[in-house]
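Here's a quick briefing to read alongside the model. Have the viewer open and follow along topic by topic.

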Amino acid sequence: YDDRDGFIWMDGQLVEWRKAQVHILTHALHYASSVFEGERCYNGKIFKSTEHSQRLLKSGELLDMPIPYTVEQINAAKEAVLKANGLTDAYVRAVAFRGAGDEMGVASLGNPVRLAVACWTWGAYYGDAKFQGAKLDIAKWKRPSPETIPTAAKAAGLYMICTMSKHAAQAKGCSDALFFDYRGYVAEATGANIFFVKDGEVHTPLPDAILNGITRQTVIGMLRAKGITVHERHIMPAELETFQQCWLTGTAAEVTPVGQIGDYTFEVGALTRDIATEYEALVRS
Ligand code: PMP
């Protein structure tokens with residue numbers, strides 16, 4: 001994705017897409033000192049831009065990597081890069097990382113924390129699954145304990161097992177993989193949170209070892225505003241067969257119905273369709 005026209009915002013300026021490069025001794029490449037955001041711009045407005053910028057700063061703090069920009073500066077960088085690329089409907093990727101510096105080793109306090117923002121057109125994350133219901137594999141890897149890695153950070157290091165699990169899922173003809181966590185509870189997909197419906201009520205994992213997605217929080221608010229009971233709780237895999245509907249939420253995934261997880265099947269029901277439609281309307285309003 002490096003050889004194309006366009007502009008990327010890097011460390012305070014817009015640079016040509018092909019020239020947005022880093023040195024091979026960039027600390028992040030070796031030690032995963034990198035945090036990022038995925039956002040979507042609809043009709044010229046980034047949905048929850050400030051919340052994403054705040055989460056980026058928080059992720060940096062959690063990795064002992066303070067990002068030298070304010071929320072306002074990050075918001076402005078995102079606007080600038082969208083404008084430079086002439087995009088009003090796009091995916092926006094901000095990434096902050098430790099660059100190359102005085103020393104090369106695990107310690108990185110002498111390495112500058114850098115920030116880049118790119119944007120590009122990105123349609124439905126799961127393609128046709130958006131309408132028919134995605135098929136999920138069950139990942140062999142487990143989401144780690146918050147005592148193992150800062151699970152509240154949207155940090156590159158947390159995605160190593162996501163990439164491996166997604167490859168395994170795609171090799172089996174699935175769109176994505178569902179993780180269980182280190183305790184065995186149902187957790188999240190490789191880039192999205194998960195919701196279930198049982199007898200008109202909604203159940204979703206407690207965000208105590210997963211990313212508490214901005215879309216997840218938005219959808220919980222929408223459901224409660226409709227008077228629907230939402231249970232945020234620990235969910236055991238054995239319960240999967242008791243749920244009637246299932247969907248994923250995420251900035252890229254938006255609200256995507258799930259039709260199958262391993263051997264369990266779900267209907268793309270009325271509540272799933274309603275929430276997907278209402279989310280679509282909300283982000284464009
Ligand atoms: N979990 C993981 C692992 C993710 O990568 C994402 C995407 N950022 C989500 C959940 C959903 O988060 P959000 O709704 O903030 O995009």
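**Two backbone oddities, then the rest**

Let's start with Glu254, which sits in strand E14. Glu254 isn't a glycine, yet its phi is positive, at about 55°. That stands out, since most residues other than glycine have a negative phi. Keep in mind throughout that this is a predicted model.

**Positive phi outside glycine**

- How buried or exposed is Glu254? Glu254 has 22 C-beta neighbours inside 10 Å, so it counts as buried.
- Ala32 also has a positive phi without being a glycine, with a value near 60°.
- You'll find Ala32 in the loop between helix H1 (27-31) and strand E3 (34-42).
- Ala32 is partly exposed, because 13 to 19 neighbours is the range for that label and Ala32 has 18 other C-beta atoms within 10 Å.

**Confidence and overall build**

- The mean pLDDT of the chain is 97, and 100% of its residues reach 70 or more.
- For the complex, the predictor gives an ipTM of 0.99 and a pTM of 0.97.
- The chain holds seven helices and 15 strands.
- The radius of gyration is 19 Å, close to the 19 Å that the globule rule gives for 285 residues, so the chain is as compact as a globular protein of that length.
- Along its principal axes, the C-alpha trace spans about 55 × 40 × 35 Å.
- As for burial, 41% of the 285 residues of the chain count as buried.

**Around the ligand**

- How many residues surround the ligand? There are 14, and the closest are Gly213, Ile214, Thr215, Gly250 and Thr251.
- Helix H6 (214-225) and strand E13 (245-250) are the elements that give two or more residues to this shell.
- H6 gives the most to the shell, with three residues.
- Sorted by class, the shell has eight polar, three nonpolar and three charged residues.

**Strand E8: covered on both faces**

- Why call E8 largely enclosed by the rest of the structure? Six of its six residues are buried, so that description follows.
- One side of E8 carries Asp176, Leu178 and Phe180, the other carries Ala177, Phe179 and Asp181, and these are all buried.
- Strand E7 (residues 134-143) runs parallel to E8, and five bridges join the two.
- Within that pairing, Leu136 stands opposite Asp176, and Arg143 has Asp181 as its bridge partner.
- Put helix H5 (residues 160-171) together with E7 and E8 and you get a right-handed β-α-β unit.

**The E8-E9 hairpin and Arg183**

- E8 also pairs with E9, this time in the antiparallel sense and over two bridges.
- In E9, Ala189 is the residue that Leu178 stands opposite.
- E8 and E9 form a hairpin with four residues between them, and Gly184 in the turn has a positive phi of about 100°.
- Where is Arg183? Arg183 lies in the loop between strand E8 (176-181) and strand E9 (186-189).
- Arg183 has 13 other C-beta atoms within 10 Å, so it's partly exposed.
- Arg183 and Arg143 are 40 residues apart in sequence, but their C-alpha atoms are 8.9 Å apart in space.

**E7 and its link to E14**

- E7 pairs with strand E14 (residues 254-261) too: they run parallel, with three bridges joining them.
- Leu136 turns up again here, since it stands opposite Ile261 in E14.

**The six-stranded open sheet**

- In general, strands of a sheet pair through backbone hydrogen bonds, either parallel or antiparallel.
- Which order do the strands take in the open sheet? The six strands run E2-E1-E6-E5-E3-E4, with antiparallel pairing.
- Strand E2 (13-16) and strand E4 (45-46) are the edge strands, each pairing on one side only.
- Strand E1 (residues 7-10) and E2 pair in the antiparallel sense over four bridges.
- In that pair, Phe7 stands opposite Glu16 in E2.

Note on methods:
Residues numbered from 1 in each chain as written. Predicted model: local features only at pLDDT ≥ 70, side-chain atom pairs only at ≥ 80, totals over all residues. Near = placed C-beta within 6 Å. Nonpolar A, V, L, I, M, F, W, Y, C, P; charged D, E, K, R; others polar. Buried ≥ 20, exposed ≤ 12 C-beta atoms within 10 Å, placed from the backbone. Pairing = 2+ DSSP bridges. Right-handed = clockwise from strand over helix to strand, strands pointing away. pLDDT = per-residue confidence, 0-100. Rg over C-alpha atoms; globule rule 2.2 N^0.38 Å.
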